Amino acid sequence: MDFLDPSDSGAPDDDEVTVRPGPLWRHALWVVGVTALGVGLGWAGSLFRLGPDDYGLLAAAPGSPWTYLGAWAVTGLAATAVLRAAAAKVPVPSPGTIAVILLLIGTRLSLGWRPETPELAAMVAGALVLAGVWAAIALRADAVARKTPKPQSPGAS
């Protein structure tokens, strides 16, 4: 279980949250890649049943999955764009991880449960709100950190 210990990171400064500036094409590539990863993992997870027959999470229901995959792909593009836009301005902790988890869970539940349009819209809205809240928390934390006066060293005048 040592590999789960966050204090023992393989790369130097792996835990450090930084601003992710760069050209627009890099941000767009990141958004598309993270969306594809999250939706792909959700789709792959729906190929098998999780848990016992009585209360487990169902495998993908019969029928075409393209409507649900498309809905979560569009949702993923919007949610990851919000997270990446915030990460380009202020340090955002784990924007990719948050996006992948939201998309994986949403896609997996949608393919197993096949919700009607209102339920799917509520799930999509929930994912977008959570991504927005995560970005807003980071933006607010950065604004508070900028307003807080920095302590001066004892010898400085």
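These legends walk you through three close-up views of a predicted model.

**View 1. Helix α3 and the elements that cover it.** Let's begin with helix α3, which runs over residues 95-113 and has 19 residues. From its first C-alpha to its last, α3 reaches 27 Å, close to the 27 Å expected at 1.5 Å a residue. Its buried residues include Pro95, Gly96, Ala99, Val100, Leu102 and Leu103, and further along you can find Arg108, Ser110 and Leu111 among them. Which helices help to cover these buried residues? The cover includes α1 (24-45), α2 (66-89) and α4 (117-147). After α3 comes arginine 114, with a positive phi near 50°.

**View 2. A nonpolar patch on the surface.** Here, Leu37, Leu41, Ile101, Leu104, Ile105 and Leu109 make a nonpolar surface patch of about 470 Å². Two elements, α1 and α3, each give two or more residues to the patch. Which element gives the most? That is α3, with 4 residues. Take a look at leucine 104, found in helix α3: its relative accessibility is 31%, so leucine 104 counts as partly exposed.

**View 3. The salt bridge between arginine 146 and aspartate 142.** Side chains of opposite charge can pair when their charged atoms come close. A search of the whole structure finds 1 salt bridge, and in the pair shown here the closest N and O atoms are 2.7 Å apart. Arginine 146 and aspartate 142 are separated by about one helical turn because they lie 4 residues apart in helix α4. Is each partner buried or exposed? Arginine 146 counts as exposed, at 63% relative accessibility, whereas aspartate 142 counts as buried, at 17%.

Notes. Residues numbered from 1 in each chain as written. Predicted model: local features only at pLDDT ≥ 70, side-chain atom pairs only at ≥ 80, totals over all residues. Heavy atoms only, no water. Expected span 1.5 Å × (residues − 1). Buried < 20%, exposed > 50% of the residue type's maximum accessible area, 1.4 Å probe, protein only. Contact = heavy atoms within 4.5 Å. Salt bridge = Lys/Arg side-chain N within 4 Å of Asp/Glu carboxyl O. Patch = residues over 30% accessible without salt bridge, like charges linked within 9 Å, V, L, I, M, F, W, Y side chains within 5 Å. Areas by Shrake-Rupley, 256 points an atom, 1.4 Å probe, with all protein chains shown as cover.
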